[in-house]
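Subject: Structure handover

Hello,

Here is the structure we talked about. Please open it alongside this note; the findings follow below.

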Amino acid sequence: MTFSGPCRVLGVLLALLGGSATLQAGGFSNMEFGTRRMGMFAVIAKPDDATAIFHNPAGLVLTSGSTSYLSLAWWLVGAETRLYDSEGALHPEENIVPDRAQALNPFLGFTTDFGTRRFRAGIAAYAPNVFGTALPIDEPTRYLALDALFIAARFTTSVAYQVTDQLAVGANVNLLTMYLSVASMLNASVLNNPDNKFKEGIEEYDGRLDIEGVDYAVSWDLGLLFEPTPGLRLGAVFASGVPVELEGDVTFTSADGEVVTSTQKTTFAIPFTLQGGINYEIATDFELAADIRYWHYQVNQEQRTTLGQPIMGLTGLVSPRRYGNSLNIGVGLLHRFAPGWEVMVGYQHDWSPIPPESITVENPNGDRHGVATGVRWYPSGGLRVGLALVRNWFEMINNQESKSNPPSNAKGVGSNTALGLDLSWTM
Amino acid sequence: MRKRSTVWASWGLMLLLVAPAMVRAEGYLATDFGVRRMAARAVIAHADDGTAMTHNPACLLLLPGTTLYVGHTASVGAMGLRVYDAEGQLAPAQEITPEHWYGHLPYLAAVSDFGVPWLRIGTSVNLARARWLEFAPTALSNVSLVNDTAWTLRWGTVAAFRISPKFNLGVGISLLHTRRQWSLGATAANSGILPEEVGNLLEREGSGTSYNFNLGFHFRPVRPLEIGVVFETGTLMEMAGDVRGTSLTHTTSFAIPFQLSGGARWTFAEHFALAADVRMWHFQVHQEERSNYGAGIGEVGIPRNYEQSYAWSTGLSYLPSPGLEVMVGYEQEFSGAPANTYQLVDPTRDGQSVGLGAKLEVLPGLDVGVGVAQTWFDLLDIQGSALPDPFNAKVRASMTEVTVDVQWTM
C-alpha cells in the first residue's frame with residue numbers, strides 16, 4: 001500500500017514512537033545513576049551503593065545493614081540544527097534551537113542484609129529515561145517534530161548472595177512502564193514539495209497531529225561479582241530484552257479545526273544488554289576502573305504500527321529502523337584524598353545504534369563522548385553525600401539521506417550536561 | 001550581475017578572513033612549549049616547568065618555591081605545491097614554495113608557593129600562536145594565499161592546590177588576543193569589487209579578544225606513576241578589522257574548540273621514565289564561518305566542515321647523570337580539517353613528529369634546556385575543492401622546531 005499526503009506524515013510520526021525512546025546514544029536506559037557512575041563512568045565491578053540494583057545486583061553484597069538511598073540526575077540538553085533543502089543548501093540562516101530539552105533520572109532505593117552475612121535484598125523505584133523536548137512552532141522543524149515526551153520508569157526487586165569470599169551473584173525482576181507522546185504539524189503543501197517548509201506564510205494551512213502510547217512490561221537481570229585477589233574486582237551483568245507494545249490515541253486537528261481521532265498500537269523491542277567491568281586498586285586510596293556495555297540493538301530492524309480506526313485510509317505502518325548494535329565504554333579513576341572524601345574523574349565513549357538516515361530532529365542521538373568528575377563525602381557514620389558533573393558531546397549529525405517525508409535532512413550538533421546528587425543513609 | 005560579483009567577492013574575502021592559522025595539525029592554540037613537550041612529546045602527567053600553566057595547571061605543584069621561566073620555540077616550515085588545472089594537469093613545472101614560513105612562540109611564566117606547601121599561584125604571558133607565511137604574489141597559488149601574519153597573545157593566571165599528597169588540582173583563566181594581517185591575489189571571484197588603487201592584492205587585517213578556562217588534575221597513586229587529566233574550554237573569537245584600500249570593514253566570528261587531554265608517566269626503572277599523552281580537540285564546531293561586511297555585502301559564510309582532531313604521543317626520559325635529563329619522543333596527529341576546504345592559510349594535515357632534547361641543571365636552582373622536533377605532514381592531493389575559488393593542488397610540507405628554555409628556582 002502506498003501512502004500519500006497526510007498519511008505519509010502520520011507514518012513518519014508513528015515511526016518516531018520507538019525512535020524517541022532513547023536519550024542515550026547507547027542503550028534504551030540512561031545509565032547515570034549514582035555518583036560512582038556519574039563521576040567516573042565505571043561502576044559495574046564495584047557498585048557500592050543502592051544503585052547496584054540497576055548496575056549490578058550482585059554488588060549489593062558490598063552494602064551492609066539497611067540503607068536508604070536517593071539520587072537525582074538533571075540533564076540539560078543542547079542542540080543546534082539547520083535543515084537541508086532539495087538543492088543541498090542549509091536553512092534557515094540561524095541554527096534552530098529547541099525551546100526546551102531536559103531530562104531527569106530519579107532513583108529511590110532501599111537495601112537490607114536482614115542481619116545476615118551473605119544475603120542482601122533491595123527494592124528500588126527509578127526512571128532511567130524521562131526526556132522532554134519542544135521545538136519552535138515557527139521553524140520548519142515543526143513538520144518533523146514539535147513536542148516529544150518520553151517517560152520510562154521501573155520498579156525493581158533485587159536479591160544477592162555471597163556464594164564464596166570471591167564470588168557473589170545477584171538477580172533482579174523489573175516492572176517497566178513506558179509513556180510516549182509526540183506531536184508535529186502537517187501541511188499538504190509541504191508534502192507535495194518539502195522545500196515549501198522554508199516558505200513564509202505557509203503556517204496558516206498547518207494541521208496538528210498528536211500521537212501517544214503507553215505500555216507495561218517485565219524484564220529480569222542477572223549479575224556476577226568476582227574478587228580474584230584483594231583489590232581486584234570483576235563484574236558481569238546480563239539484562240534481558242523485552243518486546244514493547246505502545247498503545248494510545250492518535251488525534252489529527254486540521255487547519256480549519258476539524259478533529260479526527262483513532263487509536264494506535266506500535267511494537268518494537270528493547271534489546272538485551274551485556275555488561276562487564278573491572279575495578280583495580282592500583283595503590284592505596286586509588287581505584288582504576290573500566291566498564292563496557294553492549295546493547296543488541298540489531299533486533300530493531302523494523303517497527304510495526306496498527307491503527308484501531310483508519311485515518312485518511314491508513315490502517316497501519318511498517319517502518320524500517322535498520323539499527324546496528326551499540327557499545328559504551330567508560331574508564332575512570334577514584335582517589336580517597338582525605339578521610340571520608342573521594343574524588344573521581346572519568347571518560348566515556350558511546351557508539352549509537354541509529355544509522356544516520358534514521359536520526360530524527362527531536363532525538364538527535366549520534367555517537368558521543370564525555371567527561372565526568374564527582375566527589376563523595378562521608379560526614380558521619382552512616383551518611384554519605386555525593387555530587388557529580390557530566391558533560392557529553394555528540395558527534396556532528398550530517399544527514400542527507402533521510403527517507404522520511406518531509407525529509408529530516410539536517411546538519412547539527414548536540415551536547416548535554418548533567419548534574420547528579422545522591423544521598424545514602426545506612427542504619 | 002553586480003550583485004553576483006559582489007557575492008562572489010565576499011566569498012573570496014571570507015577565504016582568508018576566518019580560517020584558523022594553525023601552526024600544527026592539531027589545535028588552534030599551539031602546544032609546543034617547553035623542552036619536555038618538544039623532546040619527549042608527552043608532558044601532561046609531568047609538566048615540571050613554567051609551561052605547566054598551559055599543559056596541566058595542576059602540575060604547578062611540582063615546582064618548589066618561586067620559579068621564573070623563560071622559553072622560546074622557533075619553527076621553520078618547508079612546503080612545496082603544484083596546482084591542478086581544469087584538465088587535472090599539475091602546474092607549474094617547478095614546485096611553488098613559500099618565500100618564508102616561520103613562527104615564534106615565546107613563553108614567560110612566574111610561579112610561587114608563597115611559603116605555603118599546598119598552594120601555587122602562577123601567571124604567564126606567551127604567544128599561543130605566531131606565524132609568518134608568504135608566497136610570491138604572482139604564484140598560481142595566490143587564489144588561496146599570498147601572505148599571512150598572525151599571532152595570538154595569551155595571558156594566563158592559575159591557582160593550583162595540593163588536595164592530598166597524591167592529588168593536585170589546578171584551575172586557570174586566560175585572556176586571548178588575536179591579530180591577523182593577510183592577503184590573497186585578485187581572482188575572478190573577488191576582482192569585481194577591487195578598486196584600481198588596490199592593485200592585484202586583496203589585503204585585510206583584523207583583531208579580537210576572548211578568554212577561556214582550563215582545569216587540570218594530577219594524580220600520583222604510587223611513587224613511580226603519575227596521571228594527568230586536563231580540560232580546556234573553547235571560546236568564540238570575534239575579529240573586527242578593515243579591508244585595505246576599500247571602505248569595507250568586517251566582523252568575523254569563529255570558534256576555538258575545547259580540548260581534552262590525558263597523560264601518564266611511569267618511572268619504570270631507576271633513571272628511566274616512559275610517558276604518553278592523548279589529546280582531542282572538538283573541532284566539529286567549525287562547520288561554517290561567518291563574516292559581516294555591513295551594508296552592500298552583508299553577512300556571508302563559507303563551509304569549513306571540520307571533524308574532530310586527535311594526537312597521541314609517547315616519550316622516554318633518561319637521567320644519565322645528576323642534573324642531566326635526556327629525552328626522545330614520537331607523536332602522531334590527526335587533523336580535523338577536510339581536504340575539500342583546505343587553504344594555504346591552514347597548511348597542515350595529518351602528520352608525525354619525532355623529538356629530542358636535554359635539560360641540565362647548570363647551577364643549583366638554574367636549569368637550561370634545549371629541544372628539537374621534526375614534523376612531516378602527510379601528502380595532500382586535493383581534486384575536489386568545495387571552496388568558491390577552488391584550490392585543487394598537491395601539497396607536501398614539513399616543519400622543524402627548536403625550543404630553548406631557562407628556569408630559575410629561588
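Two strands count as paired if DSSP finds at least two bridges between them. With that in mind, V214(A) has E247(A), in β9(A), as its bridge partner. Please note that this is a predicted model.

**Chain A overall**

Chain A has four helices and 20 strands. Of its 427 residues, 57% are buried. Take the contacts in chain A between residues at least 6 apart in sequence: 71% of them join residues at least 24 apart. The chain exposes about 16,300 Å², and carbon and sulfur atoms supply 61% of that area.

**Strand pairing**

β7(A) and β9(A), the latter covering residues 242-253, run antiparallel and are joined by five bridges. β9(A) also pairs with β10(A), residues 259-270. That pairing is antiparallel too, over 12 bridges. Within it, G248(A) has Q264(A) of β10(A) as its bridge partner. The hairpin of β9(A) and β10(A) has five residues between the strands. There, G257(A) takes a positive phi near 95°.

**Nonpolar patch**

A nonpolar patch of about 990 Å² sits on the surface. Its members are F110(A), I123(A), F155(A), V173(A), L175(A), V214(A), Y216(A), V218(A), W425(A) and M427(A). β7(A) gives the largest share, three residues. β6(A), residues 167-186, and β7(A), residues 207-229, each supply at least two. F110(A) is in strand β3(A), residues 100-112. Its relative accessible area is 31%, so F110(A) is partly exposed.

**Aromatic pairs**

The count over all chains is 31 aromatic pairs. One of them is F33(A) with Y126(A): the ring centres are 5.5 Å apart and the planes are at 80°, so the pair is edge-to-face. F33(A) lies in the loop between α1 and α2 of chain A, and Y126(A) lies in strand β4(A), residues 119-134, so the pair ties together parts 93 residues apart in sequence. F33(A) is buried, at 0% relative accessible area. Y126(A) is buried as well, at 3%.

F114(A) and F119(A) form a stacked pair, with 6.1 Å centre to centre and 25° between the planes. F114(A) has 55% relative accessibility, so it counts as exposed. F119(A) has 30% and counts as partly exposed.

One aromatic cluster takes in residues of chains A and B. Chain A gives F286(A), F337(A), W341(A) and W377(A). Chain B gives F167(B), F217(B) and F219(B).

**Salt bridges**

The whole structure holds 35 salt bridges over all chains. In one of them, R36(A) meets E287(A) at 2.9 Å, N to O. This pair links distant parts of the chain: R36(A) is in helix α2(A), E287(A) is in strand β12(A), residues 286-295, and they are 251 residues apart. Both R36(A) and E287(A) are buried.

R384(A) forms a salt bridge with D48(A), with the closest N and O atoms 4.0 Å apart. R384(A) is in strand β18(A), residues 383-394, and D48(A) is in the loop between α2 and α3 of chain A, so this pair ties together parts 336 residues apart in sequence. R384(A) counts as buried at 11% relative accessibility. D48(A) counts as buried at 15%.

In chain B, R37(B) forms a salt bridge with D32(B), with 2.9 Å between the closest N and O atoms. R37(B) is buried, at 0% relative accessible area. D32(B) is buried at 1%.

Salt bridges that share partners also build one network in chain A. Its members are R36(A), K46(A), D48(A), D49(A), E281(A), E287(A), R336(A), E342(A), R376(A) and R384(A).

**A residue in chain B**

M280(B) is in strand β12(B), residues 272-281. Is M280(B) buried or exposed? M280(B) has a relative accessible area of 7%, under the 20% cut-off, so it is buried. Leaving aside neighbours within four places in sequence, M280(B) is in contact with H369(A) in the other chain. In chain B, M280(B) is in contact with F258(B), Q259(B), L260(B), Q308(B), S309(B) and Y310(B), on that same basis. The C-alpha atoms of M280(B) and E238(B) are separated by 23 Å, and the two residues are 42 apart along the chain.

Best wishes

Technical notes
Residues numbered from 1 in each chain as written. Chains lettered and ligands numbered in written order. Predicted model: local features only at pLDDT ≥ 70, side-chain atom pairs only at ≥ 80, totals over all residues. Heavy atoms only, no water. Patch = residues over 30% accessible without salt bridge, like charges linked within 9 Å, V, L, I, M, F, W, Y side chains within 5 Å. Areas by Shrake-Rupley, 256 points an atom, 1.4 Å probe, with all protein chains shown as cover. Salt bridge = Lys/Arg side-chain N within 4 Å of Asp/Glu carboxyl O. Buried < 20%, exposed > 50% of the residue type's maximum accessible area, 1.4 Å probe, protein only. Contact = heavy atoms within 4.5 Å. Phe/Tyr/Trp six-rings, centres within 6.5 Å; stacked < 30°, edge-to-face > 60°.
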